[in-house]
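Work through the exercises below with the coordinates open, and check each step of a solution before going on to the next.

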Amino acid sequence: MSNTSATGGFLRPLQAGRTPAAPQGSEPGTMFPGDATASAPQDAGPSDILESVEDVLHDLIAGITGLPGAMVRPRAQAEPANTPGKNADWCAFGVMSSTPYTYPQIKHYGEDGGYDDVIVHEELAVLASFYGPRHYAFAALLHAGLHVPQNREILRPNGLAFVKAGGITRLPELVMAGFRARADLPLTFRRVTARSYAVRNIEKSSGTLENDNGLTVGFGCGNK
């Protein structure tokens, strides 16, 4: 059984890497601190949240550019598919780095004995590389399309927000003893995730307060 604030010891998340629910009335396109809408879950192991981010980015890039889903691929795969031919247009993308904000938000909820949500905001540096005869055109299409609000609707339900798109760099790549045209487009997104920890409610407390003059007073509170 996992530790809680009552048992002492290290605390592991009850739920790892979920997307917090957006508060009612929040403006579209803004990042949100999260609001609990259900009781804290039971103990759960860590999840690969970067994999879920790449699933969203895959659909975003394919949707905006019109490239077939099979031609939009994560940069690093355990079992990579064959490289498309030199006359095929395709994209390789990936999260290159993650920079969390310095201080996460910690929010306590009283349900089910109490738990804390640790809500982390971070910036993700993403690189999309386009190959094929129309490599530059597809990179430019993604750059422009990301600035259309309707194209970004997939992001917010998944805890993501678009920040900016950098400049397009043409960088031929050596593939099988020959150079292939390539265009790199750096992108920046913000992500918010929440992890729940078993920090229980304080049921009762007692002690003594003493001021600088030596005056002491006892206190106590809690359930009868």
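Strands, labelled E, are DSSP runs of at least two residues, numbered from the N terminus. The model used here is a predicted one.

**Exercise 1.** Place Asp116 in its strand, and determine which side chain makes a polar contact with the side chain of Asp116.

*Solution.* Begin with the secondary structure, where Asp116 is found in strand E5, which spans residues 115-131. Next, consider charge: Asp116 is buried and yet has no salt bridge, since the nearest side chain of opposite charge, that of Arg200, is 9.2 Å away, whereas a salt bridge requires a side-chain nitrogen of Lys or Arg within 4 Å of a carboxyl oxygen of Asp or Glu. Then turn to polar partners, where the side chain of His108 makes a polar contact with the side chain of Asp116 at 2.6 Å. Finally, leaving out residues up to four places away in sequence, Asp116 touches several residues, including Ile106, Lys107, Arg195 and Tyr197.

**Exercise 2.** Decide whether Arg73 is buried or exposed, and find the backbone oxygen that its side chain reaches.

*Solution.* Arg73 is found in strand E2. Its relative accessibility is 15%, so Arg73 counts as buried, the cut-off being under 20%. The side chain of Arg73 reaches the backbone oxygen of Ala70 at 3.0 Å. Beyond its neighbours within four places in sequence, Arg73 is in contact with, among others, Thr83, Trp90 and Ala92.

**Exercise 3.** Describe the largest pocket and its lining.

*Solution.* The largest pocket holds about 250 Å³ of space. Its lining comprises 13 residues, of which Arg75, Thr83, Trp90, Ala92 and Tyr131 are the closest to the centre. Strands E2 (72-74), E3 (90-100) and E8 (173-175) are the elements that give two or more residues to this lining.

Terms used. Residues numbered from 1 in each chain as written. Predicted model: local features only at pLDDT ≥ 70, side-chain atom pairs only at ≥ 80, totals over all residues. Heavy atoms only, no water. Helix = DSSP H or I, 4+ residues; strand = E, 2+ residues; numbered from the N terminus. Buried < 20%, exposed > 50% of the residue type's maximum accessible area, 1.4 Å probe, protein only. Lys, Arg positive; Asp, Glu negative; His and termini not counted. Polar contact = N/O pair within 3.5 Å; in protein donor to acceptor, adjacent residues only side chain to side chain. Contact = heavy atoms within 4.5 Å. 1 Å grid on protein atoms, 1.4 Å probe; cavity = no way out; pocket = protein on both sides within 12 Å on 5 of 7 lines; lining within 4 Å. Points joined across faces, edges and corners; volume = space filled by probe spheres on them.
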